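Q: I have a model open and do not know where to start. Can we go through some features together?

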Amino acid sequence: MPTSDYPSSVPVGVDTSRASIARVYDAFLNGKDNFEVDREVLARVQSVAPQATDLAWANRDFLIRVCRFLTRSAGIEQFLDLGSGLPTAENTHQVVQRINPDARVMYVDNDPMVLAHGRALLAENDKATIATCDIFQPLEVLKNESVLEHLDFTRPVALLQVGTLHHYLGADAPTLMQTYIDALPAGSFVVISHFFDPQDPREPELSELAANMEDKFIHSPMGSGRFRTRDEIQAMFGDLEMIDPGLVLCDDWWQDGPRMRMLSAVRHCIVGGVGHKP
Ligand code: SAM
C-alpha cells in the first residue's frame, strides 16, 4: 500500500481494489477505459456534486486552450506534459502539432494503462514520446534519460502540471514545483490547474461543496484530490510572472467565445494559470 504523501507514488498496477487517477479521470470524461472501482469514485463524488464531471471538462478544455496559446502566440516548441492521462481525442501533441508539426512533446505518467495506450498512440510520431516517472519527484523526471534526449533544456519549455498537483497531498508542493522552475531555461512557461476551495465569504456554499468533494475523493478507492486555496495554489508558481488573466477559474482563462450559460457551482471549484520565466 502507498505510504507517502500521495497514493499515486505507488502505481495502481494489478491491485484491483484501488482506483487509478487516470481511469477515474477517463470515467469523468465519459471514456471507456475505466473499471467498476473507478466509476465508484465518480458516483461517490456525484452523490455530493451531481455535476462533478464539469471538473474534468473545465480542466481538459483549459489544457487545450493553453496549448493552443503556447504554440501559436508564445511560439513554444517543446512541451513537458506531467501526468498526461489516458489518450482522449485532443491530447497535447495533437493540439500543438496541428499548429506546429515540429513541436516536441514529452509525456510523463506512472499509470501502466496510460503508458500502454501512450506507446501505441505515439508509435509513429517521432516528435512525441512517453516516459515512466513519479511526477512528484522532480529530480527523477529531470534526470530521466528519455526526457533529456527528447527535450533541449537550453531552449524554452512549457511544463504542464494540469490536473495533477491536487493528487499530491503533502504541504511542500511549492518546493517541488520550485525544483522544476529552477531547471527551466529563460522564456519557459509553467501551466497549473488545480481543484480549488474559493473561500469566498459571499458564497460559503462553494467552499462547502469543495470540502464535500474533497472528502469523497480522499476517502474513495482513489485516495487523493485536495481542494486548495488561491494562496496555496499561487505559491506553486513561485516568482514566475503570471500571464494575463492570472490564476482564475479554468473557465475564465481565455474562453473560446461569449458565455451563453451560467457556470455550474462545480466549475467554481477548479482554477488554472500560466506562469512565465523571464
Ligand atoms: N493532464 C491531463 C489532463 O489534465 O487532461 C490528465 C490529468 S489526470 C487527472 C492525472 C494524471 O496524472 C493521471 O494520468 C495519473 O496517472 C497521473 N499521475 C498522478 N500521480 C502521478 C505520479 N505520482 N507520477 C506520475 N503520474 C502521476
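What follows is a short dialogue on strands, a helix, pockets and backbone angles.

A: Start with one caution. This is a predicted model.

Q: How many residues of strand S1 are buried?
A: Buried means under 20% relative accessible area. Strand S1 covers residues 78-82, and five of its five residues are buried.

Q: Which residues of S1 point one way, and which the other way?
A: In a regular strand, side chains alternate between the two faces of the sheet. Here Gln78, Leu80 and Leu82 point one way from S1. Phe79 and Asp81 point the other way. All of these residues are buried.

Q: Which way do S1 and S2 run, and how many bridges join them?
A: They run parallel, and five bridges join them. Strand S2 is residues 104-109. To find the register, pick one residue: phenylalanine 79 stands opposite valine 105 in S2.

Q: What do S1, helix H4 and S2 make?
A: They make a right-handed β-α-β unit. Helix H4 is residues 92-99.

Q: How many bridges pair S1 with strand S4?
A: Three bridges, again in the parallel sense. Strand S4 spans residues 158-162. Look at phenylalanine 79 once more: its bridge partner in S4 is alanine 158. In S2, phenylalanine 79 faces valine 105.

Q: What span is expected for helix H3, and what does it reach?
A: Count 1.5 Å a residue. Helix H3, residues 53-72, has 20 residues, and 28 Å is expected. From first C-alpha to last, H3 reaches 29 Å, close to that value.

Q: Why is H3 called largely enclosed by the rest of the structure?
A: Count its buried residues. In H3, 14 of the 20 are buried, so the helix is largely enclosed.

Q: How much space lies in the largest pocket, and which residues lie nearest its centre?
A: The largest pocket holds about 420 Å³ of space. Its lining has 17 residues, and Asp61, Asp251, Gln255, Arg261 and Arg267 lie nearest the centre. Next, sort the lining by class: nine residues are charged, four are polar and four are nonpolar.

Q: What volume has the second largest pocket, and which residues line it?
A: The volume is about 150 Å³. Among the lining residues are Arg65, Phe69, Asp244, Trp253 and Trp254. By class, the lining has four nonpolar, one polar and four charged residues.

Q: Which peptide bond is cis?
A: Most peptide bonds are trans. The bond from aspartate 244 to proline 245 is cis, with omega near 10°. Proline 245 sits in the loop between strand S6 (241-242) and strand S7 (248-249). Aspartate 244 also lines the second largest pocket.

Q: What is phi of asparagine 30, and where is this residue?
A: Most residues other than glycine have a negative phi. Asparagine 30 has a positive value, near 65°. It is in the loop between helix H1 (21-28) and helix H2 (36-48).

Q: Is asparagine 30 buried or exposed?
A: The cut-off for exposed is over 50%. Asparagine 30 has a relative accessible area of 61%, so it is exposed.

Q: What is phi of tryptophan 254?
A: Tryptophan 254 has a positive phi of about 45°, although it is not a glycine. Its place is the loop between S7 and strand S8 (270-276). Trp254 is also one of the residues lining the second largest pocket.

Notes:
Residues numbered from 1 in each chain as written. Predicted model: local features only at pLDDT ≥ 70, side-chain atom pairs only at ≥ 80, totals over all residues. Heavy atoms only, no water. Buried < 20%, exposed > 50% of the residue type's maximum accessible area, 1.4 Å probe, protein only. Helix = DSSP H or I, 4+ residues; strand = E, 2+ residues; numbered from the N terminus. Pairing = 2+ DSSP bridges. Right-handed = clockwise from strand over helix to strand, strands pointing away. Expected span 1.5 Å × (residues − 1). 1 Å grid on protein atoms, 1.4 Å probe; cavity = no way out; pocket = protein on both sides within 12 Å on 5 of 7 lines; lining within 4 Å. Points joined across faces, edges and corners; volume = space filled by probe spheres on them. Nonpolar A, V, L, I, M, F, W, Y, C, P; charged D, E, K, R; others polar.
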